[in-house]
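Trainee: I am new to this structure and should like to begin with one part of it rather than the whole. Please select a single helix for a close look, and then explain what surrounds it and how the neighbouring parts are arranged.

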Amino acid sequence: MAVIGFIGVGNMGGGMAANLAARGHEVRAFDLSADALARVADKGCIAAGSAGEAVAGADAVVTMLPAGRHVASLYRETILGTARPDTLLIDCSTIDVDTARAVAADAAGAGFTMLDAPVSGGTAAADAGTLTFMVGGSEAGFARAEPILSAMGKAVIHAGEAGSGQAAKICNNMILGATMIATCEAFVLAEKLGLDPEKFFAISSRASGQSWSMTSYCPVPGPVPAAPSNRDFEGGFQAALMLKDLKLALDAAKSANASVPMGAQAEALYQMFAGLGGGGKDFSAIIRLLSGEWRP
Ligand code: NAD
């Protein structure tokens with residue numbers, strides 16, 4: 001079993017760190033939030049007094065932080081100067097591709113093996129240990145990381161070289177944002193045309209309009225009982241996080257000179273929805289904006 005430094009034990013990292021501890025790893029956790037740290041200490045992790053204390057002597061370091069600037073500064077200020085040279089470095093945060101590649105290059109320059117390994121699946125999957133990891137970095141690094149990531153997820157997929165995990169994540173979520181909006185528009189139009197939403201779902205979910213947005217997170221209540229639309233759009237994947245991922249996709253598209261008109265439209269609509277107070281709702285709640293019924 002390994003000694004793992006885990007930095008960032010918030011909504012996602014808390015469950016992930018607890019799952020590593022449950023599998024017998026020695027997890028030295030650190031978070032700027034004392035509450036978050038206390039929660040994982042209750043679940044078998046050791047609360048470290050600082051990021052440096054969590055990193056020193058660890059076999060692997062996992063970070064799960066809000067954004068690229070947090071990852072870059074923690075690597076620059078603490079991890080690269082404190083970790084043992086053979087420590088495996090894994091960043092699971094969702095961050096921009098350019099920062100992911102820059103941090104990986106700095107780590108490689110300092111002699112470390114580093115991977116970007118963002119996740120798909122929300123807090124329920126983090127708690128249950130059923131996340132999907134999309135991993136960027138060397139084959140050898142991936143082979144070392146797989147047993148650690150498998151303790152927190154149901155699928156661990158090597159996407160390619162450094163930054164490829166982040167690229168896969170934001171491209172996937174750009175599809176998700178656009179298909180959700182298209183699905184919402186179709187349900188609103190179907191109803192205005194006199195179709196019963198249950199009947200439309202029964203048809204479209206088995207026809208060519210089918211997508212994950214429709215069959216897992218159907219934006220109208222009824223057809224998919226587990227979907228957030230049945231719970232006033234509470235829980236699920238917050239619209240604010242979808243907006244974050246769409247912004248990352250647009251940044252990456254600009255950097256790579258790629259044309260993403262649907263992604264740009266999705267970003268504009270989620271920006272509008274967040275601006276009207278919808279950021280805390282599940283991202284399928286954008287149907288209320290499209291139907292003209294949104295009340296924060
Ligand atoms: P969160 O805000 O709950 O957790 C982040 C934690 O990092 C916080 O507890 C914060 O105190 C801590 N932190 C920030 N800077 C720190 C530092 N320098 N040192 C130590 N701790 C620090 O966020 P989250 O929902 O857990 O998301 C984490 C990452 O996972 C994000 O990049 C997010 O985009 C991604 N993600 C989230 C979800 C989701 O459903 N919540 C799903 C997939 C991916």
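Mentor: One term must be settled before we begin: a residue counts as buried if 20 or more other C-beta atoms lie within 10 Å of its own, and as exposed if 12 or fewer do. Please also bear in mind throughout that this is a predicted model.

The part I have selected is helix 1, which spans residues 13–22. Nine of its ten residues are buried, which leaves the helix mostly covered. The buried residues are Gly13, Gly14, Gly15, Met16, Ala17, Ala18, Asn19, Leu20 and Ala21. What do these residues pack against? Their partners are two strands, strand 1 (3–7) and strand 2 (26–30), together with two helices, helix 2 (34–41) and helix 6 (123–128). After helix 1 comes Gly24, with a positive phi near 100°.

One of the packing partners, strand 2, deserves a closer view. Arg28 is a residue of this strand. Is Arg28 buried or exposed? There are 23 other C-beta atoms within 10 Å of Arg28, so this residue is buried. Beyond its neighbours within four places in sequence, Arg28 touches Val3, Gly5, Ile46, Ala48, Ala54 and Ala58. A separation along the chain can be set beside one in space: Arg28 and Ala67 stand 39 residues apart in sequence, and their C-alpha atoms are 22 Å apart.

Gly5, just named as a contact of Arg28, leads us onward, for Gly5 is also a contact of Val61. Val61 belongs to strand 4, residues 60–63. Val61 has 28 other C-beta atoms within 10 Å and is therefore buried. With neighbours within four places in sequence left aside, its contacts are Gly5, Val55, Ile79, Ala83, Thr87, Leu89 and Ile90. By contrast with these contacts, Glu139 is 78 residues from Val61 along the chain, and the two C-alpha atoms are separated by 18 Å.

We may now turn to a pair of helices. In general, two packed helices are described by the angle between their axes and the distance between the axes. Helix 4 covers residues 68–82 and helix 5 covers residues 97–109; they pack at an angle of about 10°, and their axes are 10 Å apart. Angles under 35 degrees count as roughly parallel, and helix 4 and helix 5 are therefore roughly parallel to each other. From helix 4, the residues that meet helix 5 are Gly68, Val71, Ala72, Tyr75 and Leu80; from helix 5, they are Thr99, Val103, Asp106 and Ala107. By class, this contact comprises six nonpolar residues, two polar and one charged.

Ile95 sits in the loop between strand 5 (88–91) and helix 5. With 27 other C-beta atoms within 10 Å, Ile95 is buried. Apart from neighbours within four places in sequence, Ile95 is in contact with Ala67, Gly68, Val71, Ala100 and Gln166. Two of these contacts, Gly68 and Val71, are also among the helix 4 residues that meet helix 5.

The ligand offers a further point of reference. Which residues come nearest to the ligand? Among the 25 residues around it, these are Gly8, Gly10, Asn11, Met12 and Gly122. Helix 4 and helix 11 (239–256) are the elements that give two or more residues to this shell. By class, the shell holds 13 nonpolar residues, ten polar and two charged.

Two residues in loops beside helix 11 present a contrast with helix 1. Most residues other than glycine have a negative phi. Asp232, in the loop between helix 10 (212–215) and helix 11, has a positive phi near 55°. Asn257, in the loop between helix 11 and helix 12 (261–278), likewise has a positive phi near 55°. Asp232 has 11 C-beta neighbours inside 10 Å and so counts as exposed, and Asn257, with 6 other C-beta atoms within 10 Å, is also exposed.

Finally, UniProt records may help you to orient yourself. An unreviewed entry lists "domain: 6-phosphogluconate dehydrogenase NADP-binding" for residues 4–160, where the chain is 44% helix and 25% strand. The annotation "domain: 3-hydroxyisobutyrate dehydrogenase-like NAD-binding", also from an unreviewed entry, covers residues 163–290, where the chain is 64% helix and 0% strand.

Key:
Residues are numbered from 1 along each chain as its sequence is written. This is a predicted model: local features need pLDDT of at least 70, side-chain atom pairs count only at pLDDT 80 or more; totals for chains, interfaces and linings use all residues. UniProt positions are given in the numbering used here, feature names are shortened, and annotations may be inferred rather than shown by experiment. Axes are lines fitted to C-alpha atoms, for helices over the stretch in contact, and angles run from 0 to 180 degrees between N-to-C directions. Angles under 35 degrees count as roughly parallel, over 145 as roughly antiparallel, 65 to 115 as roughly perpendicular and the rest as oblique. Two residues are in contact if their C-beta atoms, placed from the backbone, lie within 7 Å. Ala, Val, Leu, Ile, Met, Phe, Trp, Tyr, Cys and Pro count as nonpolar, Asp, Glu, Lys and Arg as charged, and the others, Gly among them, as polar. A residue is near a molecule or strand if its C-beta atom, placed from the backbone, lies within 6 Å of it.
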